[in-house]
Amino acid sequence: MAKPFAITLKPGSSLTNLTGTWRTERPVYVDRLPPCNHACPAGENIQGWLFHAESGDYEQAWRVLVQDNPLPAVMGRVCYHPCENSCNRGQLDAPVGINSVERFLGDEAIRCGWKFDAPATSSGKKVLIVGAGPSGLSAAYHLARMGHAVEIHEAGPLAGGMMRFGIPKYRLPRDVLDAEVQRILDLGVTLKLNTRVEHIEQTMKQGGFDAAFLAVGAHIARRTTIPAGDAAHIVDAVSVLRSMEGEDKPMLGRRVVVYGGGNTAIDVARTVKRMGAEPVIVYRRTRDKAPAHDFEIEEALQEGVMIKWLSTIKQAIDGEITVERMQLDDKGFPQPTGEYEKLEADSVVLALGQDVDLSLLEGVPGLEIKDGVVQVAPNMMTGRTGIFAGGDMVPSERTVTVGVGHGKKAARNIDAWLRGTEYTPAPRHEPASFDMLNPWYYTDAPKTVRPMLDLIRRQTTFEEVQGGLDETNALFEARRCLSCGNCFECDNCYGVCPDNAVIKLGSGKRFKFNYDYCKGCGICVSECPCGAIKMVPEET
Amino acid sequence: MGFQPVKFYQTGTYTVGNRLLAADERSVQSSEQRSNAINSGHRACQGCGEALGARYAIDAAMAASNGQLIAANATGCLEVFSTPYPESSWQVPWIHSVFGNAPAVATGIAAALKAKGKTEVRVVAQGGDGGTTDIGFGCLSGMFERNDDVLYICYDNQAYMNTGVQRSSATPPAARTATTMPVGPQPGNPFGQGKNLPEIAMAHGIPYVATATVADLRDIEYKVKRAMQMHGARYLHLFVPCPLGWGTASHDTIRIARLAKESGLFPVFEAEHGEVTGVLKIRHPVPVEDYLKPQKRFAHLFGKHAHPDMVAHIQALADRNIRKYKLLDEEVH
């Protein structure tokens with residue numbers, strides 16, 4: 001090549017200069033575990049489904065959601081959303097309304113008639129599930145999608161378990177429950193109602209089942225001895241709530257005393273309030289010590305439920321009870337004071353917790369039962385090979401969400417066991433804590449508040465108390481997600497690199513580093529909004 | 001009105017890209033088709049604000065001129081790290097002038113294009129703060145005065161970094177440089193000296209003057225595009241932190257630029273024909289300490305032999321900017 005005057009070298013591009021050799025640390029893309037996912041008892045990939053909801057693709061969002069939980073419309077109403085309590089956005093303004101978006105997706109799925117994908121293959125294995133509550137339904141759903149034949153035996157007249165016979169209608173309308181149960185049955189799950197399993201091993205043998213999952217719940221009300229007159233009307237909360245589902249509504253009178261401080265006590269009090277009675281809750285400790293969720297206590301108080309804290313029932317005679325005032329000692333335990341008070345009471349409802357009916361397990365060898373519940377291994381298997389258990393009948397926090405989580409976990413382990421392998425969960429990513437985020441990049445956006453039913457209608461009807469979000473505010477709420485620890489393709493790394501060392505792979509495919517030129521400055525790590533990049537030392 | 005951030009959830013226009021925005025609302029930098037005016041393999045230090053700012057600005061100018069752009073470049077870091085003979089990182093027609101005459105070279109290119117009738121080809125000139133506020137100042141003032149059809153971009157890293165961090169007339173008060181050592185009763189660069197070039201440019205009455213920082217990409221792209229829609233002399237003053245000269249961590253470049261703007265020390269505004277027409281408001285106000293403390297060039301203001309009086313003086317300068325340019329929204333307290 002003829003070169004111009006005074007030019008001796010060929011012109012070239014700086015691409016020949018591989019500046020990546022300067023680097024002592026390299027950035028790498030990571031997926032970290034968002035606190036919401038970490039906190040979810042049902043193991044939902046919340047950040048994952050919110051990602052699709054953010055772009056308005058609600059069906060895809062719902063499909064990602066139901067990979068873990070087949071009951072989003074139920075969950076969006078009754079879950080106590082530990083995800084929101086741990087949400088990193090809470091440190092900016094207020095947590096993302098995950099529960100309300102979940103409900104929106106669940107309702108949208110019912111409205112649009114979205115169905116689950118049918119299983120691709122059939123395993124030829126047969127699994128018996130005892131109990132059609134949240135845990136049993138969840139296990140049935142997961143096992144069916146894995147290709148197993150599933151049969152549910154339910155002692156009650158309808159499916160749902162405590163979702164139907166424990167949770168009042170004003171929190172969970174029955175048409176919502178029915179729709180989500182039906183969708184699971186549409187997968188080919190057989191549901192046998194009014195079918196009590198008397199002896200588990202016999203039933204398994206007769207039906208030719210390869211494995212069983214027990215989820216009978218805890219339906220036996222715990223009693224306490226209260227000296228009572230002959231005519232005193234003492235009933236338990238479980239039967240009150242159950243009879244609300246039938247034709248014969250419970251006859252409790254006008255002045256109803258509910259004894260206990262858990263969510264069930266609140267549910268009963270709010271239920272009888274709606275029937276025109278005047279409920280008084282009597283609880284031996286204080287509000288902050290009560291096991292009921294505070295928002296439920298608050299809603300009950302708004303509706304006019306009376307609560308007597310620090311009180312125990314000493315005696316119940318005709319139309320009247322005697323309560324003793326209590327005092328908390330240094331350790332926070334209630335101690336009697338010797339001060340008594342009388343209250344009018346047409347009936348007393350005991351809401352003191354529930355026990356498990358374990359009769360179906362009689363004579364089964366190898367089982368371990370402790371504190372009235374069945375002990376299970378980490379893979380949810382009982383001491384008897386091939387029999388798994390979950391939900392309220394095993395040691396747990398008794399909520400619908402925990403039950404659903406048990407169902408999923410048991411299904412995975414049953415599936416592995418049927419294949420003669422062992423289920424090993426994917427290793428957990430490191431948590432995405434707030435200090436890993438760069439909150440500058442998120443726009444300010446306060447939480448959307450769900451509408452509440454008028455107080456007067458809450459006191460007199462069983463209409464649903466809490467309303468849902470509509471499409472616009474559900475979208476807004478979804479977009480408040482910070483996507484903690486997981487790339488949401490904001491292009492920041494691609495933009496802020498002074499060395500063009502980030503390659504954009506296109507929509508949905510994220511990015512990769514060009515280590516030939518990356519100098520390891522770390523700007524991409526600092527400016528990643530969601531903490532999805534970290535620096536690691538170069539190998540020497 | 002100036003650049004107004006889009007408050008479109010979840011990150012609006014604060015991030016480089018946003019999959020939730022319509023295609024025509026997206027930034028030049030988020031596109032795989034951006035021109036990458038200054039390509040990989042350049043020899044800028046790790047975390048160089050100037051290399052980043054130059055790509056932001058020239059890519060935006062390329063997009064606004066449909067790729068019909070010629071760039072003149074004064075001597076300085078940007079020229080040295082991008083074009084060591086015989087290699088170059090530039091992917092635009094690019095000419096290196098001497099230290100002081102980039103505005104005059106650009107004027108000449110614009111005149112030649114005019115003579116040849118190539119009105120679609122646009123001209124930018126660029127240089128560091130030394131080449132702009134000191135050495136090239138005469139040529140630049142002449143370019144402004146003649147209203148030549150050139151966009152001049154100054155990458156302000158507040159000293160002569162290429163030659164070893166000597167003071168320029170853009171070095172801020174109290175900063176340590178090789179020629180303003182932190183000794184004596186008033187350590188570092190003296191107060192009350194230096195030039196405010198954006199205001200001097202405004203005093204020329206030219207069509208467009210704007211300031212921006214490398215922390216607000218969308219603001220830079222908006223201002224370059226706005227400037228390219230006009231003809232005549234235009235001036236963009238871009239604030240670009242220098243990890244080496246300022247003694248900051250290489251990963252902090254954008255954070256430092258953000259703190260300069262959020263503290264009020266570097267007002268971000270635009271002006272047409274000498275009148276301010278828009279400011280980028282402070283979003284989360286911070287005291288100047290937040291900006292000064294991470295920088296080793298201000299280390300002598302803190303610690304054992306601290307100079308709280310000088311920090312207070314710097315805070316007063318920031319407060320004056322906030323008042324003067326109305327950088328705070330009324331409802332922000």
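Visitor: Which residue of β9(B) is the bridge partner of B:F269?
Guide: That partner is B:V279. A word on the source before we go on: this is a predicted model, in which local features need pLDDT of at least 70 and side-chain atom pairs count only at pLDDT 80 or more, while totals for chains, interfaces and linings use all residues. Residues are numbered from 1 along each chain as its sequence is written, chains are lettered from A and ligands numbered from 1 in the order in which they are written, and side-chain values use heavy atoms, with hydrogens and water left out.

Visitor: Why are β8 (269-272) and β9 (275-279) of chain B called paired strands?
Guide: Strands here are DSSP runs of E, at least two residues long and numbered from the N terminus, just as helices are runs of H or I of at least four. Two strands pair if DSSP finds at least two bridges between them. β8(B) and β9(B) share four bridges in the antiparallel sense, so they qualify as a pair. They form a hairpin with two residues between them, and B:H273 in the turn has a positive phi of about 50 degrees.

Visitor: What makes β1 of chain A and β2(B) a pair?
Guide: Two bridges join β1 (residues 12-13) of chain A to β2(B), and the strands run parallel. The rule asks for at least two, so the pairing counts. One of the partnerships is A:S13 with B:S88.

Visitor: Why is the meeting of A:D444 and B:R283 called a salt bridge?
Guide: The term requires a side-chain nitrogen of Lys or Arg within 4 Å of a carboxyl oxygen of Asp or Glu. Here the N to O distance is 4.0 Å, so the name applies. The count between chain B and chain A is three salt bridges. On the side of chain B that touches chain A, α1 (49-64), β2 (87-88) and α9 (253-262) each supply at least two residues. α9(B) gives the most, with six.

Visitor: How do you know how many residues of each chain are in contact?
Guide: Contact means heavy atoms within 4.5 Å. By that test, 50 residues of chain B touch 50 residues of chain A.

Visitor: What makes the peptide bond between B:Y85 and B:P86 notable?
Guide: That bond is cis, with omega about 5 degrees. B:P86 lies in the loop between α2 (77-82) and β2 of chain B.

Visitor: What is the phi of A:D371, and where is this residue found?
Guide: Its phi is positive, about 55 degrees, although A:D371 is not a glycine. A:D371 sits in the loop between β17 (369-370) and β18 (373-374) of chain A.
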